[in-house]
Amino acid sequence: MASLRPVIRLARWRAAPRSRRFATASDVRNPAAAQPRSDNRVRLVEVGPRDGLQNEKKSIPLSTKITLIERLAKTGVSYIEAGSFVSPKWVPQMDNSGEILTHILSNKIPAPVPITYSFLAPNAKGVENATALLQQHPGAYSTQSESLSRVDGKPALELAVFAAATESFSKRNLNCDIATSLEKFKDVIQTAKKLGIRARAYISVVLGCPFEGYDVDPHRVAEIATSLLEMGADEISLGDTTGMGTAPRTQELLRCMTAAGIRNEDIAMHFHDTYGQALVNTAVALERGIRTFDSAVGGLGGCPYSPGATGNVATENMVYFMESLGMETGIDLDAMADIGEWITGELEKPNDSSVGKAVLGARKAAAASAT
């Protein structure tokens, strides 16, 4: 693998100036969140088991989903999207998310670093189902107040909600307008806080909507993000759901977020690679000081409510790209490449990670030359 690694490290990305004008729940629950951190450390949130699989038409066995999560846990990732408490009528692939959560709470999944497992709970019914399972396993997970030590090997958990940046997408995806959706999300976020776990909020179609086009208002995105943070969300993931984002519009979006008083530490970027711009936009976000990014092993994913959108940016591509810039992810690229090849084979679809395929090809060539 050493032959594939860049031999020249580029200069560290400079951090954008950080300002803070209001507090979020993470500051109270986790004082370490406000402490200085290494500026070349990047956190990749692995979304393959949830966002990556939700759009698959072929039914995926529960055992395959659990194996995927357990293999990912061994690679060094610290955040994994594991499932979704949504109606199986709308997203049948997520029907066994309760069993996945039960497995995580009942079994100590081997991992080199502490892991937070995230579950989408977009409405009252979803959060009710998730809460019922958590109450059946008291003491099986770390609360935010316990997360500073995390010496007992217990997993941390997170509930997530999905807002939209346009009215059209909100009505198609959530069957309500943006204002109504935010009111519903308030209960989910507050329930997460009562349970002592993290709350994450996604905002979809921030850089382009399949129904309204490219001109998504970045100021409106910042307003929605501010509302979610004030409700108690610990992090906002800005989703380029359609992959329509470009470098200039990514730059403008992040300028608006800063102008609204939102810290870089409270932002994650979620890029799709539909038009091949995911890594370009990632570079822009890095330059602006963002250090959390969502990605999916093997480039899995899509969106059932975004016609034509292809997969998430591949985790393997992100790890290699970050390393080429001198950034640190803590993720084993070889192991991730193996998982990408395996899961795409299980799904009977192409491996969409160019880096993953290159890693496997180089390994095969090295093995052949050694014989």
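These legends describe several close-up views of a predicted model.

**View 1. The whole protein sets the scene for the close-ups.**
The protein holds 13 helices and eight strands. Of its 371 residues, 57% are buried. Contacts often reach across the sequence: among those between residues at least 6 apart, 79% join residues at least 24 apart.

**View 2. Phenylalanine 162 and tyrosine 202 form a stacked aromatic pair.**
The model contains three aromatic pairs. In the pair shown here, the ring centres of phenylalanine 162 and tyrosine 202 are 4.2 Å apart. Their planes meet at 0 degrees, and angles under 30 degrees count as stacked, so this pair is stacked. Phenylalanine 162 belongs to strand β4, residues 156-164. Tyrosine 202 belongs to strand β5, residues 198-204. The pair therefore ties together parts that are 40 residues apart in sequence. Phenylalanine 162 is buried, at 15% relative accessible area. Tyrosine 202 is buried too, at 3% relative accessibility.

**View 3. Phenylalanine 169 and phenylalanine 211 form a tilted aromatic pair.**
The two ring centres of phenylalanine 169 and phenylalanine 211 lie 6.2 Å apart, with 35 degrees between the planes. This pair links distant parts of the chain, 42 residues apart. Phenylalanine 169 sits in helix α6, residues 167-174. Phenylalanine 211 sits in the loop between β5 and α8. Phenylalanine 169 has a relative accessible area of 0%, so it is buried. Phenylalanine 211, at 30% relative accessibility, is partly exposed.

**View 4. Arginines sit over aromatic rings at two sites.**
At one site, the charged end of arginine 172 lies over the ring of phenylalanine 211. The distance to the centre of that ring is 4.2 Å. At the other site, arginine 43 lies over the face of tyrosine 79. Here the distance to the ring centre is 4.2 Å.

**View 5. Helix α3 packs with helix α12.**
Helix α3 covers residues 62-73, and helix α12 covers residues 333-346. Their axes are 10 Å apart and make an angle of about 170 degrees. Angles over 145 degrees count as roughly antiparallel, so α3 is roughly antiparallel to α12. From α3, the contact uses Thr64, Thr67, Leu68, Arg71 and Leu72. From α12, it uses Met336, Asp338, Ile339, Trp342, Ile343 and Glu346. By class, the contact between α3 and α12 has six nonpolar, two polar and three charged residues.

**View 6. Leucine 157 is a buried residue of strand β4.**
The relative accessibility of leucine 157 is 4%. Beyond its neighbours within four places in sequence, leucine 157 contacts Leu101, Leu105, Thr116, Tyr117, Leu134, Tyr141, Ser142, Ile197 and Arg198. Threonine 116 is 41 residues from leucine 157 along the chain. The C-alpha atoms of these two residues, leucine 157 and threonine 116, are separated by 5.2 Å.

**View 7. Alanine 296 is a buried loop residue.**
Alanine 296 lies in the loop between β8 (292-295) and α11 (315-324). Its relative accessibility is 0%. Leaving aside neighbours within four places in sequence, alanine 296 touches Glu46, Val47 and Gly48, among others. Its contacts also include Asn312, Val313, Ala314, Thr315 and Glu316. Glutamate 316 is 20 residues from alanine 296 along the chain, and their C-alpha atoms are 8.3 Å apart.

Conventions: Residues numbered from 1 in each chain as written. Predicted model: local features only at pLDDT ≥ 70, side-chain atom pairs only at ≥ 80, totals over all residues. Heavy atoms only, no water. Phe/Tyr/Trp six-rings, centres within 6.5 Å; stacked < 30°, edge-to-face > 60°. Helix = DSSP H or I, 4+ residues; strand = E, 2+ residues; numbered from the N terminus. Buried < 20%, exposed > 50% of the residue type's maximum accessible area, 1.4 Å probe, protein only. Lys NZ or Arg CZ within 6 Å of the ring centre and 35° of its normal. Axes fitted to C-alpha atoms, helices over the stretch in contact; angles between N-to-C directions. Parallel < 35°, antiparallel > 145°, perpendicular 65-115°, else oblique. Contact = heavy atoms within 4.5 Å. Nonpolar A, V, L, I, M, F, W, Y, C, P; charged D, E, K, R; others polar.
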